[in-house]
Amino acid sequence: LRALGRLASNRRFGRRQLLTGLGVSTALAPMLPLLEAEGQEARPLRLILWFTPHGTVYDNWKPSGGQTDFTLGPILKPLERHRAKLNILDGLKIQADGVGAPHTKGPPLLWTASPLNDDMTFTRADGSGGMYYGWNSAPSLDQVILGQLDPGTPYKSLEFGVRSGGNHPGSRMIYTGAETPLAPETNPWAAFKRLIGDIGKTGEELEQLRAERRSVLDVLDGELVALQSKIGSADKRKIDAHLSAVREIETRLQNSSIACEGPVLGSEVDANLSSNTPVVMDAMISLMASSLACGLSHFASMQYRVGENDGGYLYDWLGLTTLEHHLLTHEPDSNAAARQDLSTIYAWYSEMFAKFLDGLDAVPEGNGTMLDNSIVVWGSELGKGNSHSFDKVPFVVAGGAGGQLPTGRYLQYAGVEHNRLLVSIAKLMGLAELEKFGATDSKSGGLTGFV
Amino acid sequence: VPSRIIDLAVISALITLGCTARIAGTADVTDAPPAPVLTGGSGSGGSTSLDPPAGGSMADCATPRVAYAPLKRLTRAQYDNTVRDLLGETGAPSSGLAQDEKLAAFYTNAVSPVTRLSVEQYADVAEQLARRAVAQGLDTLVGCSGAAQNADCAEAFVRAFGQRAFRRPPSEDEVARYRGLFEKHSARGFETGVRLVLQAMLQSPSFVYHLELTPGPDGADVVPVSGYELAARLSYALWNSAPDPELLDAAGTGALNAVQGLRSQAERLLKSDRARDAVASFHLQWLGLEGKLDGVKDSASFPAWGPSLVRAMEQETVDFADFVVRRGDGRLQTLLSAPFTVAGPEVLSLYGVSAAPAPDGTVALDPTERAGLLTQAAFLSAHAHSNQTSPVHRGLAVRKNLLCTELPDPPMNVDNTPPEPDPTATTRQRFEQHRTNASCAGCHRLLDPIGVGFESYDAIGAYRVRENGLEIDATGELLDAGSASGTFNGAVELAQRLSTSSAVRDCVQKQWFRFSLGRFEGDEDSCTMQRLSEAFAASDYDVKALLLELVTSDAFRYRKVTP
């Protein structure tokens, strides 16, 4: 995060210096709230959803002590420097209703709290087992909020993933609606070019490029509109979705001209090679924090790997070279060596999460930092691998939601459904009226004692 | 919402197996999985709702019936092959596109719609391709040069390239639209205008979707697939790429509307080396190899493992399949039992073979060690763990991919970790619990007794007679597999048995159907499936014959307008 540090040190001079090469000022309207964020009001709230697979080793994850005088266990230890800005939520469970194997339905359930469709489209991505199921049946938390509030940013939301799997229900966690998953960016270098890469071009070159892209989109728009009347009703939603994506891009090209000092990502490596994971992860974390700092979006997610068995996945950079992670999680509790190896992996998860928080916390904003104006929710698709238990799912929330959320706390719950947490977050993000979230929700209200 | 096209309730009523389970350890499983469902077997187990209409009369098949085919987008492989054929682009530009969506074993992109990100990825890749194409050979691309590079030449390019990219002649409206795009930007040069035409066509819905829009007679729900649409179906089925000009010409003259015309084009396509791409894609996906070989193997146990060996393994399977299907006898039996390969030196060295290839490129293998696809390193490595073999995964691959058996997921809280490697025991011994523990045996009886037959091959496919100093026991048993059922000794005997099994033949027929049409077979496809079975049998199970019958079937030549 060297680059972000650099970006952050510039922050003393205000965000305006960072957003250089901005074209004509009238094109900046959607960016204004952000640019004026030096003041007291209109400081944007961000929501970031963060996923790591296969739960945790609970005993090594659980802090000891009380609500404010707690001590982090070995797995969360790397988060010590962010301790004052955390809420560690112990004892939440996911109501894992519906079809699909635990590892399959876990990631889509995590942020949608709604089951997979009970249809016959897919079998498990890893080839084991054969029961069928479809895409998820409902939108995820971030997209539900975005459906109500338009932050006016160039991108409504940005999805990032590292080894986040194929286009399959077990590997998609963000949905704009039923059967409409959002695939994450998986190559930080390609994503950088797309999101920030036009920097360095002169104003004229940039205008030219945008004019060309607008013309092309215009043609596509016309073709898709013509298709809408010819395509059968069953497939019309695909053309409709394509057209609205084209229009979203058109709008962005017309309205915003963002240029921003992005991160320095280092040389590109093969993002498909599992041993490159730490390098790819670092690059993705930098890009993600920068994208938020640059105001490209206020909503983002990180999906690290998938719920399914992604086979042959060794943590060789942590010295774990024999049993792949998924199989390790299936070892019985009595295998102390396996629990130790798993704890090593999960502590690495914490390190990655801490690095991302470093990025947000390095960006001054108002009297605090961007992290203070964010809600970063870290969860997993289940609590524990060998039993596939959906109890005691490890949740950590970082950031103060713009002063709305007390932090530095360890909160213990006795098997409370995670729907409550999702409702609390929706409320913090401005959906005050929302009391229930997801098809699995049989109760109402936010998470007691959280906000 | 995709329709429920296979009636599980009907099928599962046919078979009842004791697939009850207990948690590893103590308590009872609360959600015992449903019984395994056999959809691909023959004899008593294989009869499904896909059989011909009641009474077995083929008379009902006189009127074409066909199940609904949802709108699909190009797969990444199809995208790469298509831009290679259109622009000579030899890279893999689709690596910049979103991952494909898989339906059963095969990539089809038929369910979830595109997103903002995937549309941007299409745009980015198209922009790069267009820039490279005009930079590398504008004159060749547009077919005119110097002063002739004017708006008329650009329009001719729109018509000619548009026909290739859209797999049909562009409409006059489309020509006008693209000519407009050219003119808007040609002030900055002819090249710029052409580049934008190219850039837009390569992300046009007519390029990225497999559009089939030609209406039939008023009110008809089953309509013939039009000539150009049929040409595209045919070339994507047999080449995994766009039609060439000759095929488009045949579509234009109406030659494809007659079965004979369609068949003779299909024969031409199969003879072309470009058919290799489709044969390769089919086999990599059917055998569950795609993406399965990217993982790491334990370097202490398998120092030879690495990207180079992995590529060589994939290459062996692809080359072998292509050799048998297109240049050899074409028979399924050969694919699954041939005692020869066309592998390169790296794989041959893994097999301990140093013989030089015969003039036809084949290398004879020890017929007691190797028999076709299932004893090749790619299959054996993909269905194994990083540090040990996996009788379960190998057995499951045979069951799912070759026998089309749909098994329930393991119970939620079963401990499915493979037992630790034990220097004093064989893998077979370590997995005994699956067979001795009644709670596991219900399902695992269908898997492990097949999988242990592969124990003569380690986790990267090398042949072995001993494991940890103990002699390998590769005897196994195939259960609930129709006429192929019974005990066997070793994967060679198993492979030979499967190679003539009616359950496997039925399954392979289904797999090719799903691959070629990008969808599941449905109830309305029963006549097509019946005819395919007959033709496959009549050819003594020649895959080429199956493919020719498939692409001239009702399911291929007709489409249903509404689901």
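## Report on chains A and B of a predicted model

A226(A) has a relative accessible area of 31% and therefore counts as partly exposed, where buried means under 20% relative accessible area, exposed over 50%, and partly exposed in between (1.4 Å probe, protein chains only). This is a predicted model, in which local features need pLDDT of at least 70 and side-chain atom pairs count only at pLDDT 80 or more, while totals for chains, interfaces and linings use all residues. Residues are numbered from 1 along each chain as its sequence is written, chains are lettered from A and ligands numbered from 1 in the order in which they are written, and side-chain values use heavy atoms, with hydrogens and water left out.

**Chain A**

The place of A226(A) is in helix α8 (residues 203-228) of chain A. From A226(A) to D341(A) the C-alpha to C-alpha distance is 57 Å, for a separation of 115 residues in sequence. Chain A holds 13 helices and 11 strands; helices (H or I, at least four residues) and strands (E, at least two) are DSSP runs, numbered from the N terminus. Of the 451 residues in chain A, 61% are buried. The accessible surface of chain A is about 14,800 Å², with 51% of it on carbon and sulfur atoms; accessible areas come from the Shrake-Rupley method with a 1.4 Å probe, and for residues only the protein chains shown count as cover. Among contacts (heavy atoms within 4.5 Å) in chain A between residues at least 6 apart in sequence, 71% join residues at least 24 apart.

Helix α6 (residues 141-148) of chain A has L141(A), D142(A), Q143(A), I145(A) and L146(A) as buried residues. Their cover includes β1 (46-51), α5 (102-112), β3 (158-162), β4 (175-177), β6 (299-304) and α13 (419-428) of chain A.

Two alanines of chain A have a positive phi, as tabulated below.

| Residue | Phi | Loop of chain A | Relative accessibility |
|---|---|---|---|
| A113(A) | near 50° | between α5 and α6 | 0% |
| A401(A) | near 50° | between β10 (393-398) and β11 (409-417) | 0% |

A113(A) counts as buried because its relative accessibility is 0%, and A401(A) is buried because its relative accessible area is 0%.

**The interface**

The size of an interface is often given as the accessible area lost when the parts come together. Chain B and chain A bury about 6,700 Å² between them, 57% of it on carbon and sulfur atoms; this buried area is the accessible area (1.4 Å probe) that two parts lose on being put together, summed over both. Chain B gives 73 residues to the contact and chain A gives 77 residues.

Between the two chains there are 6 salt bridges, each a side-chain nitrogen of Lys or Arg within 4 Å of a carboxyl oxygen of Asp or Glu. R252(A) forms a salt bridge with E120(B), with the closest N and O atoms 2.3 Å apart. On the side of chain B that touches chain A, the elements that give two or more residues are β2 (102-103), α4 (116-142), α6 (172-185), α7 (190-201), α8 (205-208) and α17 (391-402) of chain B. The largest share of this side, 8 residues, comes from α4(B).

**A buried threonine in chain B**

Helix α3 (residues 76-87) of chain B contains T82(B). T82(B) counts as buried because its relative accessibility is 0%. Leaving aside residues up to four places away in sequence, T82(B) touches F207(B), Y236(B), S241(B) and A242(B).
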